[in-house]
Amino acid sequence: EIDKNAEAVVSWRHLASGKKTQLVPKGSITGRAWQEEGVEELIKEYGLPHLILAGPPCVNLSSANRSSRDGLFGAQSSLFYRYIDVLR
């Protein structure tokens, strides 16, 4: 899921900071843009990023989840490792 309100706040703060670079929202980490060839295409088009914002699902990390607190090895929260792959 992509939180449109969070995206709007990041866009506003980026513009308010006076940065001359552009903000490129690319959606879900599981989407095509974030597969290896997609990352290479993004770098070719926009150059190396200065900042990548991400928020892995906290389902398996939350104390509110009483059935499956598998931490970063849980089915949803393991997406954290995909972010690490993108950074590499």
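The exercises below work through a predicted model of a protein.

Residues are numbered from 1 along each chain as its sequence is written. In this predicted model, local features need pLDDT of at least 70, side-chain atom pairs count only at pLDDT 80 or more, and totals for chains, interfaces and linings use all residues, while side-chain values use heavy atoms, with hydrogens and water left out.

**Exercise 1.** Work out which elements the protein has and in what order they run.

Solution. Begin with the DSSP runs, numbered from the N terminus, where a helix is H or I over at least four residues and a strand is E over at least two. The protein has three helices and zero strands, and from the N terminus on the order is α-α-α.

**Exercise 2.** Decide which residues of H2 are buried and how they lie around the axis.

Solution. Take buried as under 20% relative accessible area and exposed as over 50%, with partly exposed in between (1.4 Å probe, protein chains only). In H2, Gly38, Val39 and Leu42 are buried. They lie on the same side of H2, because they cover an arc of only 100 degrees around the axis, taken from the directions from the helix axis to the C-beta atoms. On the other side of H2, Glu36 and Lys44 are exposed.

**Exercise 3.** Locate Phe73 and find whether Phe73 is buried or exposed.

Solution. Phe73 sits in the loop between helix H2 (36–46) and helix H3 (79–87). Phe73 counts as exposed because its relative accessibility is 70%. Leaving aside neighbours within four places in sequence, Phe73 is in contact (heavy atoms within 4.5 Å) with Ser78 and Tyr81.
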